[in-house]
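Colleague: Got a minute to go through this one with me? I'd like to hear the reasoning behind the labels.

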Amino acid sequence: MPAVVIVGAQWGDEGKGKIVDIYTEDCSMVVRYGGGPNAGHTLVVGQDKLIVRLVPSGILRPHTTCVLAQGMVIDPDRLVTELDELDKRGLVRESPLVVSDRAHAILPFHILVDGLREKGAGALGTTKRGVGPTYEDKAARRGVMLGALRDLKRCERLVAVALEAWTPTIRALGGTPPAVAEIMAGLEKVAPRIVPLLGDTSRIVGEAMSANKRVLFEGAQGTLLDVDHGTYPYVTSSSATAGGACIGAGVGPSKIRAVVGLTKAYCTRVGGGPFPTELHDETGERLRKAGDEFGSVTGRPRRTGWLDLPALRYAVRVNGLDGLALTKLDVLTGQGDLQVCVAYELGGKITREFPIADLEAAKPVYETVPGWKEELGKARKLEELPAAARSYIQLIEREAGCPAWLVSVGFRRDETIVLRNPFEG
Ligand code: IMP
């Protein structure tokens with residue numbers, strides 16, 4: 001049962017694309033299990049860069065089946081655009097792509113509501129892709145699953161019910177609801193492209209696992225954006241933690257061999273919400289520049305800050321992390337002495353726990369550790385790193401209570417120290 005889950009241990013954007021690419025090298029299947037076009041990663045195709053939001057990076061590997069499972073919310077237009085872009089670049093899509101017929105469709109009014117809400121006082125800083133309102137419809141049991149595209153008459157009835165429910169909200173937010181006919185005209189256009197891709201992904205994934213194939217479950221967003229375990233209400237609307245793989249893909253927890261957590265060597269966050277170790281100064285600006293910290297979906301500058309070890313310990317616990325993939329260590333080169341949050345002060349007391357329910361009132365307690373000036377990109381073994389960088393890794397492992405299985409020292413694929421393959425051993 002070589003099934004591995006990879007999740008973001010922070011607020012997303014931990015550099016998943018590159019690590020998933022490394023782990024899918026000898027993988028039969030890569031499965032996205034939650035979220036939708038709010039995620040984004042950059043595919044490097046020859047000299048070309050392409051940002052994809054739905055399709056996992058496994059699409060570039062001919063032998064890898066890519067699965068978009070039922071925990072996802074999928075914008076049919078966006079999916080077709082993404083497939084067209086891949087085709088345009090001459091990428092023969094030899095890797096089969098299977099899309100769950102039970103994944104929920106993001107419809108134009110979901111995107112409209114998301115955008116209108118973000119103009120108001122209650123804005124959360126969402127990606128405005130309609131993700132939240134689509135999950136709202138799913139929980140309200142009036143969502144439209146992609147399987148409905150097989151029967152457009154039935155689909156039209158479902159769309160009308162959902163739209164009717166949203167109409168007062170759209171009007172109250174100052175918008176104009178779209179017409180059902182207009183929505184259906186769009187769906188009729190894309191249905192012939194999507195219907196052939198639809199399937200029972202839970203069965204397909206289950207069969208691959210029973211046949212002992214290597215399956216990678218690719219989380220989206222990050223632990224602190226999880227709807228249950230994140231910094232609510234500043235979260236996304238899905239289960240971004242490792243347990244979400246079981247729910248979103250329809251596999252049992254006993255079938256997962258290992259869970260890998262991705263963490264940057266510092267922290268970033270996009271959108272609103274608490275971020276206790278955030279830097280509002282020159283150092284924050286330097287980290288943003290050195291780490292190219294701008295959102296791949298929205299282009300927004302990411303908020304930057306020091307590494308938060310209580311938050312990482314929290315991520316180790318709620319995801320059951322077995323190993324860490326530490327990314328962007330090279331970004332810390334030349335940043336001088338480094339600050340690391342090792343505990344919090346809350347109500348006059350020091351706690352090593354991440355005070356998830358009280359973040360606004362909690363004050364980070366920092367330890368200062370020496371930085372380094374050397375470039376790290378050429379290191380392929382821990383011993384080839386400067387002593388200060390090695391100590392930084394050891395501090396993270398010790399405080400998080402979780403070993404590093406991979407350390408990324410540059411954006412290129414080979415700029416990586418692989419310590420353990422999660423599919424083996
Ligand atoms: P939504 O998922 O678009 O509803 O946005 C909710 C929150 O999650 C906002 O703070 C977004 O910036 C954040 N978010 C959603 N997807 C991602 C992601 O892939 N990376 C980082 N932040 C994300």
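Modeller: Sure. This is a predicted model, and five residues of domain 2 are in contact with five residues of domain 3.

Colleague: Where do domain 2 and domain 3 run?

Modeller: The domain assignment puts domain 2 at 104-194 and domain 3 at 263-418. Their C-alpha centres are 37 Å apart.

Colleague: How much area is buried between domain 2 and domain 3, and which residues of domain 2 supply the most?

Modeller: About 320 Å² is buried, with 44% from carbon and sulfur atoms. On the domain 2 side, Gly-125, Thr-127 and Arg-129 supply 78%, more than any other three residues.

Colleague: How many salt bridges does the rule find across that interface?

Modeller: Zero. Polar contacts are another matter: two residue pairs between domain 2 and domain 3 qualify.

Colleague: Now the ligand. What makes the Thr-127 pair a polar contact?

Modeller: A polar side-chain atom of Thr-127 is 2.6 Å from a ligand oxygen. The cut-off for N or O pairs is 3.5 Å, so this pair counts.

Colleague: Why do Asn-38 and Val-270 get that label?

Modeller: For Asn-38, an N or O atom of the side chain is 2.9 Å from a ligand oxygen. For Val-270, a polar backbone atom is 3.2 Å from a ligand oxygen. Both values are within 3.5 Å, so both are polar contacts.

Colleague: How much of the ligand does the protein cover?

Modeller: 96% of the 470 Å² of accessible area that the ligand has on its own. The shell around the ligand has five nonpolar, seven polar and two charged residues.

Key
Residues are numbered from 1 along each chain as its sequence is written. This is a predicted model: local features need pLDDT of at least 70, side-chain atom pairs count only at pLDDT 80 or more; totals for chains, interfaces and linings use all residues. Side-chain values use heavy atoms; hydrogens and water are left out. Domain bounds come from an automatic or database domain assignment. Contact means heavy atoms within 4.5 Å. Buried area is the accessible area (1.4 Å probe) that two parts lose on being put together, summed over both. A salt bridge is a side-chain nitrogen of Lys or Arg within 4 Å of a carboxyl oxygen of Asp or Glu. A polar contact is a pair of N or O atoms within 3.5 Å; within protein, one must be able to donate a hydrogen and the other to accept it, and residues adjacent in sequence count only if both atoms are side-chain atoms. Accessible areas come from the Shrake-Rupley method with a 1.4 Å probe; for residues, only the protein chains shown count as cover. Ala, Val, Leu, Ile, Met, Phe, Trp, Tyr, Cys and Pro count as nonpolar, Asp, Glu, Lys and Arg as charged, and the others, Gly among them, as polar.
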